[in-house]
Number of protein chains: 2
Amino acid sequence: MLIGSTIDSKKMKTFLPVGTCPIRDILSRLGDKWSLLVLVTLKANGTMRFSDIHKSIGDISQRMLTVTLRSLEADGLVNRKVYPEVPPRVEYSLTPSADELMLPLHSLVEWAMKNMQDIVSSRELYKNKG
Amino acid sequence: MLIGSTIDSKKMKTFLPVGTCPIRDILSRLGDKWSLLVLVTLKANGTMRFSDIHKSIGDISQRMLTVTLRSLEADGLVNRKVYPEVPPRVEYSLTPSADELMLPLHSLVEWAMKNMQDIVSSRELYKNKG
DNA sequence: CAGCATCCGTGAAGATACTG
DNA sequence: CAGTATCTTCACGGATGCTG
């Protein structure tokens, strides 16, 4: 449940604006083009170097991988460890917080797998008629 | 787990591009600015009219509410029932598919509630130092 | 290797006005 | 009431080039 309150005469539940609602905030973060994919990649492979994540995902640009990793790091979802070597080495891994996130995410993924066909069919139907 | 395969010598798990991956597809849908909020609003209030949803959410534009509802309808997540009256009345409700979605979503929300403070703190910390 | 800087195109979304 | 139409803005993300 989002943070809601009952404010009008109809007893209708309403919700806080995005700036103060944790769910809207977090979902919009995770819902960007790459965050989720980076998290799942790190989950699947454990600690990874920048170039490995890049190769693993394939169609992400260097810039967007950097941006995404920085954002996840800022949110405390990934650890970033720099080794002062030449050539440089940077390793990324999930934080405990992100590990916890994987469980709800997993059930969401299961829902998606289960309902994927229906959604595709529904879209097709909607497109061809309305 | 996303749809992955082991392709290179490092046994690194890789993932399919967005067009063919149900999870990336669905998450990007749900991760847009308003879909989730509309779904949760409908879950909390049951069947609702257009204007009620509009009032309940508050800061969504008429246009974006229409766009979002159409998208959810196309995906088979909301029912749209039009009553041929004057003035017109249109009622929206969740489909069974969307109802199922609420469970994984709920655990995601719980994670968000639980970790919200840490995330905010982490962001603050990141901003002030790096 | 792991990035940062810069430029730029595109689509998402807001504001406003109008309608059956 | 429940939209549609149009215009505009702006941030996301891609491409490219450079660097410690």
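Which residue just after helix 3 of chain A takes a positive phi? In this predicted model, the residue is Gly58(A), with a phi of about 85 degrees. That helix is a convenient place to begin, before turning to the chain as a whole and then to the two DNA strands.

Helix 3 of chain A spans residues 50-57, and its buried residues are Asp52(A), Ile53(A), Ser56(A) and Ile57(A). These four lie on the same side of the helix, because the arc they cover around the axis is only 125 degrees. The spacing fits a familiar rule: an α-helix has 3.6 residues a turn, so residues three or four places apart point the same way. Within chain A, the partners against which the buried residues of helix 3 pack are helix 2 (35-45), strand 3 (48-49), helix 4 and strand 5 (89-94). Chain B takes part in this packing too, through its strand 2 (13-15).

Stepping back to the whole of chain A, the secondary structure consists of five helices and five strands. Their order along the sequence is β-β-α-α-β-α-α-β-β-α. Of the 130 residues in chain A, 45% are buried. Among contacts in chain A with a separation of 6 or more, 36% join residues 24 or more positions apart. The exposed area of chain A is about 6700 Å², and 57% of that area comes from carbon and sulfur atoms.

DNA strand C is surrounded by 18 residues. The closest of them come from both protein chains: Ser51(A), Arg80(A) and Tyr92(A), along with Lys33(B) and Arg63(B). Sugar or phosphate accounts for 70% of the strand C atoms within 4 Å of the protein, while bases make up the rest. Individual polar contacts illustrate both kinds of approach. On the phosphate side, an N or O atom in the side chain of Ser51(A) is 2.7 Å from a phosphate oxygen of strand C, and a polar side-chain atom of Trp34(B) lies 3.4 Å from a phosphate oxygen of this strand. On the base side, an N or O atom in the side chain of Gln62(A) is 3.1 Å from a base nitrogen. Two or more residues of the surface near strand C are given by each of helix 3, helix 4 and strand 5 of chain A, and by helix 4 of chain B. Helix 4 of chain A gives the most, with four residues. Sorted by class, this surface has eight nonpolar, three polar and seven charged residues.

Around DNA strand D there are 20 residues, of which Arg63(A), Ser51(B), Gln62(B), Arg80(B) and Tyr92(B) come nearest. Here, sugar and phosphate make up 59% of the strand D atoms that come within 4 Å of the protein. A polar side-chain atom of Arg63(A) lies 2.4 Å from a base nitrogen of strand D. For Arg80(B), a polar side-chain atom lies 2.4 Å from a phosphate oxygen. Pro88(B) contributes through its backbone, with an N or O atom 3.3 Å from a sugar or linking oxygen of strand D. At least two residues of the surface near this strand come from each of helix 4 (62-74) of chain A and, in chain B, helix 3 (50-57), helix 4 (62-74) and strand 5 (89-94). The largest share, four residues, belongs to helix 4 of chain B. By class, the surface near strand D comprises eight nonpolar, four polar and eight charged residues.

Notes
Residues numbered from 1 in each chain as written. Chains lettered and ligands numbered in written order. Predicted model: local features only at pLDDT ≥ 70, side-chain atom pairs only at ≥ 80, totals over all residues. Heavy atoms only, no water. Near = heavy atom within 4 Å. Polar contact = N/O pair within 3.5 Å; in protein donor to acceptor, adjacent residues only side chain to side chain. Nonpolar A, V, L, I, M, F, W, Y, C, P; charged D, E, K, R; others polar. Buried < 20%, exposed > 50% of the residue type's maximum accessible area, 1.4 Å probe, protein only. Arc of directions from axis to C-beta. Contact = heavy atoms within 4.5 Å. Areas by Shrake-Rupley, 256 points an atom, 1.4 Å probe, with all protein chains shown as cover.
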